[in-house]
Amino acid sequence: ATGQGGAIYNPSTMTINNSQFSGNKANGESNDIYNEGSLTFESGTTTLEGGITGSGTATVSEGATLENGTESKINQTTITVSGTVTNKNGTDGAITVSDKVEVTGTGVITSSANAITATNGIENEGTYNVTGGTNTNKISGAGRINIAGEVGNKREIEQGTVEVLEGAELTNEGIIKSENVIRNRGTITSS
């Protein structure tokens, strides 16, 4: 790979299936893939330990799983999820998107809220499992958001279903709307 990608530099179109990336560095920093084009995770489970950088687009297809490691970061223009994304890095901006994150009807994202920064928000038609942190993204769509752990909200959440799971705590400083139901099995505090 070049100095722009520890393992892969993609200037065009690339498909990755069932892969594990670890120990990759570019310019002295952990980095698995530098993507300026269109990157698709098509099938199987792909694990990142160094992440993805660049101005490209990433797609996780139905049937594929992308696991972002505890120190891995993803920076892209858009991310489209029809499969599963599990983000294990809970730091602020671990997944940074200069446009938006799109979750289709079959898509599932599990992440700490503060770990995702999307300039134009998260368009969720699937399932977004929030495991903690503070949400600063506008979340829209007819999908489902599940709140687990201690979660803060500072923006607008408008989903088909909003569920605060048993034992979870949601502190809301924004707006929460649902076209179907807001189900509270934990604690909701609004200010």
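**Exercise 1. In which order do the 6 strands of the open sheet run, and which of them stand at the edges?**

Solution. Start with the order: in this predicted model, 6 strands make up an open sheet, arranged 1-6-8-11-14-17 with parallel pairing. Next, look at the ends. Strand 1 (8–10) and strand 17 (116–118) each have a single partner strand, so one side of each lacks a neighbour in the sheet. From one strand to the next, the twist averages 15 degrees. Finally, zoom in on one edge: strand 1 pairs with strand 6 (residues 33–35) in the parallel sense over 3 bridges, and Tyr9 stands opposite Tyr34.

**Exercise 2. Find the pairing partners of strand 12, then decide: are its residues buried or exposed?**

Solution. Take the partners one by one. Strand 9 (residues 57–60) pairs with strand 12 in the parallel sense over 4 bridges, with Thr59 opposite Thr80. Strand 15 (residues 101–103) also pairs with strand 12 in the parallel sense, over 3 bridges, and here Ile79 faces Val101. Now turn to the side chains. In a regular strand they alternate between the two faces of the sheet. In strand 12 (residues 78–81), Thr78 and Thr80 lie on one side, Ile79 and Val81 on the other, and all are buried, which leaves both faces covered.

**Exercise 3. Which residues have the most contacts inside the largest nonpolar core, and what does Ile109 touch?**

Solution. The largest nonpolar core has 37 residues. Those with the most contacts inside it are Ile33, Phe41, Val101, Ile109, Tyr128, Ile145 and Ile147. Pick Ile109 and leave out residues up to four places away in sequence: its contacts include Val81, Val85, Val101, Val103, Ile116 and Tyr128. Thr127 and Asn129 are touched by Ile109 as well.

**Exercise 4. Where do Arg144 and Glu163 lie, and how does the salt bridge of Lys88 and Glu67 compare in setting?**

Solution. Begin with the count: the structure holds 6 salt bridges. In one of them, Arg144 and Glu163 bring their closest N and O atoms to 2.3 Å. Arg144 sits in strand 22 (residues 144–147) and Glu163 in strand 24 (residues 156–164), so the pair ties together parts that are 19 residues apart in sequence. Glu163 is buried at 3% relative accessible area, while Arg144 is partly exposed at 28%. Both belong to a salt-bridge network with Arg183 and Arg185.

Now the other pair. Lys88 and Glu67 form a salt bridge with closest N and O atoms 4.0 Å apart. Lys88 lies in the loop between strand 13 (84–87) and strand 14 (95–97), and Glu67 in strand 10 (residues 64–68), so parts 21 residues apart in sequence are tied together. Lys88 is partly exposed at 48%, and Glu67 is partly exposed at 23%.

Technical notes. Residues numbered from 1 in each chain as written. Predicted model: local features only at pLDDT ≥ 70, side-chain atom pairs only at ≥ 80, totals over all residues. Heavy atoms only, no water. Core = buried A, V, L, I, M, F, W, Y, C linked by side-chain atoms within 4.5 Å. Buried < 20%, exposed > 50% of the residue type's maximum accessible area, 1.4 Å probe, protein only. Contact = heavy atoms within 4.5 Å. Helix = DSSP H or I, 4+ residues; strand = E, 2+ residues; numbered from the N terminus. Pairing = 2+ DSSP bridges. Axes fitted to C-alpha atoms, helices over the stretch in contact; angles between N-to-C directions. Salt bridge = Lys/Arg side-chain N within 4 Å of Asp/Glu carboxyl O.
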